[in-house]
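Here are my notes on the model you sent over. Have it open next to you while you read, and take the points one at a time.

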Amino acid sequence: MRETWNRLSEKQYFRPLIIFIIILLFNGIVSKGEFFTLSIVDGHLYGRIIDIVRNGSKLMILAGGMTMILATGGTDISVGSIMAISGAIACSIVNGNIFPSFNGNVAAAIILAILAGTVSGIWNGFLVAKIKIQPIVATMILMVAGRGIAQLITRGKIVTITSETYYFINGGYICGLPFPLFIVLFLVGFLVLFTGRTAFGLFLESVGCNPTASKYVGIKVDRMLLAIYTLSGAFAAVAGLIESAGIKGADCNNAGLGIEMDAILAVAIGGTNLMGGRFSIPASVIGALIVQSITTTVLALGVPAAYIRVLKALLIIIICLSQSKQFKDLVIKRKMINRKVVGS
Amino acid sequence: MSAGNQLLTVRNISKAFGKAVIALADVQFDLNRGEIHALLGENGAGKSTLIKVLTGVENKDQGIIEMDGRQINPRSTQEAQNEGISTVYQEVNLCPNLSVAENIYIGREPRNRFGTINWKKINADARELLDKFDLHINVTKNLDHYSVAVQQMVAIARASDIDAKVLILDEPTSSLSSAEVDKLFQIMRKLREEGMGIVFVTHFLDQVYEVTDRITVLRNGKYVGTYLTKELPRVELVGKMIGKDYAGLKEAMNAKWPEEAERQEKETFIKLVNVSSPGTVKGFELTVKMGEVLGFSGLLGSGRSETAKVLFGIDPISEGEVKVKNEMAHLHSPLDAIRNGIAFCPENRKTEGIIGELSIWENIILALQVKRGIFHKISRKEAEELAKEYIEKLQIKTPGTEQLIKNLSGGNQQKVILARWLATDPEFLMLDEPTRGIDIGTKAEIQKIIMDLAGRGMAVLFISSEIDEMLRCCTRMIVLRDMKQVGELNGKEISEEAIMRIMAGGEAS
C-alpha cells in the first residue's frame, strides 16, 4: 500500500491531481456539498463536475497536442484560430453555404473540418521543421491569418445551424455521460498509447533535450516535428467542432479566442518543462481540468465579472508557486534562518 | 612555507548529493600567494565539486573556507568574486551573442557621468587588456565570431581582470593548441609573479610538470595529499591518482598490438571514391578494413571531423561514391549510416552526444531504438538488461541505470555514448576525440576497449589530437591537411616524427 503510494507520488501527474482534488473539495465545502451532487434526468448525468468535464473537453484535447509540441521546446499559438476555421467549415457545410452538393451531410462536414485542421498543422510543421522558423513566429502566422480565412469561409457572418446530429458532438450523451468526454478519452488515449507504446515518446523527449544529439543518433527530427504540429492542428479542429456544436454555429471572431494560452498554461501546470524535455500527457490533461475548474469556481463564487480575471490570475500564481522548487527552497531557508535567530 | 604566505585555506570540507553520493569527505586544500597549484584526480575524484564549493555554485555541508585568514562562505559566484575568487571553466560560459568587450566587462560596466555605459572606455579597456595577453582581435565583434580557444582566452582575461586574488582554471587547455597553451602559461606565470594564487585543474600531466609549483591529489572525494611538484615523480603521481589499480593501469597504458594482428589482410568495410561535400571535404579517397584501427591525424580544421560527419550522413555528399562491403551505399542521414552498420561518437560530448535530461538507460538504448524503428519499442526489461550489461562491461560508475547522464563525470558520459553505439552492434565505429577531457585511468580503459573491438574484427576510425594515444592504438594512420589526405603511414612507419613531418607539410610518403 505504502509502496504504491510512493510510486504514485513520483508520477508527474501526482501533484496536479492533488491540486485538482483540493479545488474540487474547496468547491464542495463552499457550496455545502451541492457541488458534488449529481442528478439523473432522462438517463443523463447532470452536475457541476459533469459541466467541468464537458466544458473542459476542448482544453483537454488541445493540451494533449500542445504537450508534445512544448516537449520539443516549441509552441503552437495557432490552435484557437484553427478551431475557428474548423467550426466555420463544418457549420458552412451543414448549412449548405459551401459544398451544397453534400446536402448538409454532418459526416462530410466533420471530415472536411478535421482535414482543414490537419492541413493547417502540416503548414505549421512545414514552417518549423523545414523552413526553421521559430515556432512562436511560425504559428503566429496562422494565428493571425486563420481567423481571416475562417471569415472568408463564412463570408464574414456568424453562421447559425440547426442540426440535432451536429449538436450531439457537444450536447450528446452515451451511457449517461456527455459525448465530449468520449472524444477526449479517444484522442488522449490515442496519444498516451502512441507516445508510450512506441518509441515516439522517448524520441520526443530526446529531441526536446538536445536536438543536435538526437539528430546524431539518427532520429529524423524534421519528421517528428512535422508529425506533432500536424497532430496538434487536427486536434484543434476537433476542439473547434465541439465549440461550434456548443454554440450551435460558427463565430469566427470568438471561437477559441485566447484558448492557446490556456492550453499552454494547462501543460505548464501539468509540470512539463516549456523549454522541452520530459513530458506527461495525463498530467497536462489534469492541468486542463484545473484551468477549467478555476473558471467554474470563480463563477460559482459569484465573483463580479470585473474581478474574474484577476482572481483567476491569483489562483494560477498560487498553483505555480506551489510547484516551484526554488520557491519552496526559499521558504524553507527563511524558516531555518528564523529558527536560528530565535535560537541564538 | 610561512603562514603569512597563505592565501586560501580549506579545511574538512564535506559535501554530499542526496544520501547516496558523497562527493567530498573531509577534504583539505591550501593555496599560497604567488603559487600555481595543480588540483588533480580522476573523474569523480571531487575536483569539480571542490571548485563549485569554492566558487559558491554549491553550498558545502561542512567545513571551513578561509581567505587571508578570514572565514568566508560564498553562496553564489557573485559573492565568491567579491571575495576575490574568480573562475574559468572548461566549457566557456560567456555570452556568445555579446561582443568580446561586453563579455569582459559585463556586470561591471564603466559608466559615464549620465549613468549610461561608457562604450568607448569599455572597448578601449578591453583592447588594452587583451593586448597584455597578446590577443589582437576586434573586441566589438561578437564572441562567437572567434574560435573556442580565443573565447577561452577572453574568459581568462576577464577572470584575471576582476581584481582577483585567487584564479581557478578548470581544464582551460583542453580546447587550446600547443602554441595557445604556451601563451596561457606565460600569462599564468606573470599573474603568479604579481602574487596571485592560481588553482589549475588539468588532465595533462606534462602541463602539470611544466607550470605548477605544488600538487594536491583527490581520490573518490577524499584528500590524498599535497606535494611539491618537483619532488613527486610522475609514476608516483599517477599511482596516487589511480589508487590501487596502478598495476592494471600500467598494463593498459603499455598495451600494444600483437605483432601478427598488424599483418593480416582483412576484408574492406567501406570505400570512398572521390567524395566531396560542399564547403568541407574535397575529392576524398578512403578505404577502411575490418579489424583495423585507422587514425586520422591533423590539426584542428584539417578535415578530420568533417570527413567523419560526411561518412555518418550528417553532412551531404555532393560528389563521388561510397561503397559499403562492395555495394553502393547512400548515406543521406545518420539513420542510413546506422543501417549500414556505422556508428559515430561525435567530438562535442555535451552538445552532440549526451541527452542530458534523460537517464543512462535511455541514453544507451537510443541509437538501437532508432535502428529498430519507432514501432518496435524496446521493452523496459530489455532496456534495463542492456544498460546493466554495458555498465558492467565498460565499468561505468553510476549509482544505477535511472541516474541522469548529466550527473555523471565526463569519462563515464563518454562510456555511456560508447555503450549506445556498441548496442547497435556496428561493424564500423568512428570515434572523434573520445578521450578529450577525461582522466588517465578512463582514457586507458577507452583505448583498451578500442583495441579489443578491433581485435574482434570491428573497423575503427580513431580521431584524436593526442598523438601519444594515436601511436598506441592505430594500425594505420592517415594524415590530413586542408581537407585533404596528405599522407598515409602503415604499421611500423607510424611515429610521432613521421606524422609531424607530414602534418607540417613535408614530403607525403
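1. Chain B has 19 helices and 20 strands. Helices (H or I, at least four residues) and strands (E, at least two) are DSSP runs, numbered from the N terminus. Bear in mind that this is a predicted model, where local features need pLDDT of at least 70 and side-chain atom pairs count only at pLDDT 80 or more, while totals for chains, interfaces and linings use all residues. As for bookkeeping, residues are numbered from 1 along each chain as its sequence is written, chains are lettered from A and ligands numbered from 1 in the order in which they are written, and side-chain values use heavy atoms, with hydrogens and water left out.

2. What about the overall form of chain B? Its C-alpha trace spans about 70 × 50 × 50 Å along the principal axes. The radius of gyration is 24 Å, which agrees with the value near 23 Å for a compact globule of 509 residues. That radius is taken over C-alpha atoms, and the globule rule is 2.2 Å times the number of residues to the power 0.38.

3. Of the 509 residues in chain B, 55% count as buried. Here buried means under 20% relative accessible area, exposed means over 50%, and partly exposed is in between (1.4 Å probe, protein chains only). The accessible surface of chain B comes to about 22600 Å², and carbon and sulfur atoms hold 48% of that. Such areas come from the Shrake-Rupley method with a 1.4 Å probe; for residues, only the protein chains shown count as cover. Taking contacts in chain B between residues at least 6 apart in sequence, 66% join residues at least 24 apart; contact means heavy atoms within 4.5 Å.

4. Now the charged pairs. Over all chains there are 32 salt bridges, each being a side-chain nitrogen of Lys or Arg within 4 Å of a carboxyl oxygen of Asp or Glu. One of them joins B:Asp61 to B:Lys15 at 4.0 Å, N to O. B:Asp61 sits in the loop between α1 (47-54) and β4 (62-67) of chain B and B:Lys15 in strand β1 (residues 6-17), so this pair ties together parts that are 46 residues apart in sequence. Is each partner buried or partly exposed? B:Asp61 is partly exposed because its relative accessibility is 46%, whereas B:Lys15, at 10%, counts as buried.

5. Another salt bridge links B:Glu83 and B:Arg70, at 3.1 Å, N to O. B:Glu83 lies in the loop between α2 (77-82) and β6 (85-88) of chain B, and B:Arg70 in strand β5 (residues 70-72), 13 residues apart. B:Glu83 is partly exposed at 21% relative accessibility, and B:Arg70 is partly exposed at 45%.

6. Two helices get a link as well: B:Arg189 forms a salt bridge with B:Glu210, with the closest N and O atoms 4.0 Å apart. B:Arg189 is in helix α6 (residues 178-193) of chain B and B:Glu210 in helix α7 (residues 205-211), so the pair ties together parts that are 21 residues apart in sequence. Then there is a network: B:Arg380, B:Glu384, B:Lys388 and B:Glu402 are joined by salt bridges that share partners.

7. On to where the chains meet. In the interface, 22 residues of chain A are in contact with 30 residues of chain B. About 2100 Å² is buried between chain A and chain B, with 69% from carbon and sulfur atoms; buried area is the accessible area (1.4 Å probe) that two parts lose on being put together, summed over both. A:Leu202, A:Tyr216 and A:Val217 supply 33% of the area that chain A buries against chain B, more than any other three residues. How many salt bridges are there between chain A and chain B? The count is 1: B:Glu362 pairs with A:Arg278, the closest N and O atoms being 2.7 Å apart.

8. Last, a residue to click on: A:Val207, in helix α9 (residues 200-209) of chain A. A:Val207 counts as buried because its relative accessibility is 4%. Leaving aside residues up to four places away in sequence, A:Val207 touches A:Thr72, A:Ser214, A:Ile219 and A:Val221.
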